[in-house]
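The exercises below concern pockets, a bound ligand and an enclosed cavity. Please look over the sequence and the model before turning to the solutions.

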Amino acid sequence: MKKFNDFKVELNKKQNDLNEKLSRIFNGNDILSSASNYALTIGGKRLRPVLLMEFASLFTEVTDYIYNFAISLELIHNYSLIHDDLPSMDDDEFRRGNLTVHKKYGEDIAVLAGDNLLNKSYEIIFDTMATNNLDRKYIFAASYLSKISGQEGMIGGQIADITNKFESMNDILDMYVKKTCGLIKIACKVGAILGNATEKEVSLSEEFGEVLGLAFQIQDDILDYEEDKNIGKITIANYTSLEESEILVRNYSNRAKEILVELKKDTSFLEELVDYLITRKY
Ligand code: GRG
């Protein structure tokens with residue numbers, strides 16, 4: 001129990017630090033800055049930047065350069081949420097307990113605020129690499145990040161979700177691997193790469209992100225099990241029972257923990273993070 005409380009304190013510290021940095025990115029008085037800042041500061045667990053820095057810290061000291069990659073990843077995640085909420089996509093009114101960006105600022109501004117976050121994300125990375133003359137591993141990390149955010153990853157997964165030609169549970173899982181796991185596994189992979197981990201460690205870190213992402217997404221489906229069925233949303237619930245979904249979450253999270261043991265580092269925070277994510281109730 002005590003350990004879990006320590007974990008929560010540690011997580012809050014990391015989240016507050018990230019929140020502070022994120023809140024300083026868009027400070028103008030214009031509507032685009034205001035909408036971009038709103039999207040970034042209305043909450044969020046900051047899971048992906050926390051993972052990136054945690055994985056880096058297994059292998060090295062976390063520098064400002066690494067921190068900037070973490071911030072950049074959170075910007076991409078937030079752009080995807082703004083666009084995912086749009087009337088032409090999920091048409092959501094609320095996000096993180098607040099009005100979605102399009103409900104507050106209008107759809108035109110929301111589209112552009114999403115674009116703005118995406119561009120700022122790459123601006124931060126390129127700027128960090130150029131002004132500090134960083135080595136090739138940063139360039140590779142930036143390239144992996146852009147690839148997984150695009151058609152081969154998150155956007156490809158979103159398209160699969162929208163066009164919806166699922167014939168089996170595996171088709172749904174494939175879509176989850178791209179849509180939800182993409183940014184989560186790249187967080188772990190980029191953290192390991194920038195930490196100068198070995199090839200084997202990078203590959204284990206990436207696998208950790210993938211199985212954690214699957215456990216996280218299926219847990220999300222479990223939380224919305226009844227509602228999704230009622231509104232006809234296709235999730236894993238259409239292909240398997242609640243009990244079997246719970247077994248899947250357990251299996252994926254057990255594999256995540258096995259990987260942490262295989263890494264042979266001090267992974268106690270990550271172990272607790274796995275439990276925190278699969279026992280969350282919202
Ligand atoms: C529109 C290009 C484009 C992509 C959208 C990732 C994505 C693709 C959509 C998100 C859809 C969604 C709600 C998936 C379920 C997984 C999930 C719970 C995502 C929300 O991530 P959290 O919980 O969000 O990390 P916070 O608010 O904590 O940042």
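Four exercises follow, each with a worked solution, and the model they refer to is a predicted one.

**Exercise 1.** Describe the largest pocket by its volume, its lining and the elements that supply the lining.

Solution. Begin with the volume, which is about 1,700 Å³ for the largest pocket. Next, take the lining, which consists of 48 residues, with Leu81, Asp84, Asp90, Arg95 and Asp220 lying nearest the centre of the pocket. Then assign the lining to secondary structure: the elements that each supply at least two residues are α3 (47–59), α4 (64–85), β1 (94–95), α8 (154–163), α9 (169–179), α11 (199–223) and α12 (225–231). The greatest contribution is that of α4, which gives eight residues to this lining. Finally, sort the lining by class, which yields 20 charged, 17 nonpolar and eleven polar residues.

**Exercise 2.** Locate the ligand and work out which residues surround it, which side chains make polar contacts with it, and how much of its accessible area the protein covers.

Solution. First, place the ligand: it sits in the largest pocket, taking as the criterion that more than half of its atoms lie within 2 Å of the grid points of the pocket. Second, consider the shell, in which 18 residues are found around the ligand, and of these Lys45, Arg48, His77, Arg96 and Gln217 come nearest. Third, examine the polar contacts, for which the cut-off is a pair of N or O atoms within 3.5 Å. The side chain of Lys45 has an N or O atom 2.6 Å from an oxygen atom of the ligand, while a polar side-chain atom of Arg48 lies 2.8 Å from a ligand oxygen, and a polar side-chain atom of Arg96 is likewise 2.8 Å from an oxygen atom of the ligand. Taken on its own, the ligand has 710 Å² of accessible area, and the protein covers 89% of this. Fourth, trace the shell to its elements: α4, α8 and α11 each supply at least two residues, and α4 gives the most, with six residues. As a last step, divide the shell by class, which gives seven polar, six charged and five nonpolar residues.

**Exercise 3.** Characterise the second largest pocket by volume, lining residues and class.

Solution. The volume comes to about 240 Å³ for the second largest pocket. Its lining is made of Lys21, Arg24, Ile25, Asn68, Ile71, Lys120, Glu123, Ile124, Asp127 and Thr128. Mapping this lining onto the secondary structure shows that α4 and α6 (107–131) each supply at least two residues, and that α6 gives the most, with five residues. Divided by class, the lining of this pocket has five charged, three nonpolar and two polar residues.

**Exercise 4.** How many cavities of 30 Å³ or more does the structure hold, and which residues line the largest cavity?

Solution. Start with the count: the structure holds one cavity of 30 Å³ or more. Then turn to its volume, since about 70 Å³ of space lies in the largest cavity. The lining of the largest cavity is formed by Ala39, Ile42, Asn78, Leu81, Ile82, Asp85, Arg95, Arg96, Leu99, Thr100 and Val101. Among the elements, α4 gives the most to this lining, with four residues. The classes in the lining of the largest cavity are six nonpolar, three charged and two polar residues. To close, compare the lists by name: Leu81 and Arg95 line the largest cavity and are also among the residues that lie nearest the centre of the largest pocket, whereas Arg96 lines the cavity and is one of the residues that come nearest to the ligand.

How values were computed: Residues are numbered from 1 along each chain as its sequence is written. This is a predicted model: local features need pLDDT of at least 70, side-chain atom pairs count only at pLDDT 80 or more; totals for chains, interfaces and linings use all residues. Side-chain values use heavy atoms; hydrogens and water are left out. On a 1 Å grid over the protein atoms alone, a cavity is a set of points where a 1.4 Å probe fits but cannot get out, and a pocket is an open set with protein on both sides within 12 Å along at least five of seven lines; lining residues have an atom within 4 Å of a point. Ala, Val, Leu, Ile, Met, Phe, Trp, Tyr, Cys and Pro count as nonpolar, Asp, Glu, Lys and Arg as charged, and the others, Gly among them, as polar. A residue is near a molecule or strand if one of its heavy atoms lies within 4 Å of it. A polar contact is a pair of N or O atoms within 3.5 Å; within protein, one must be able to donate a hydrogen and the other to accept it, and residues adjacent in sequence count only if both atoms are side-chain atoms. Accessible areas come from the Shrake-Rupley method with a 1.4 Å probe; for residues, only the protein chains shown count as cover.
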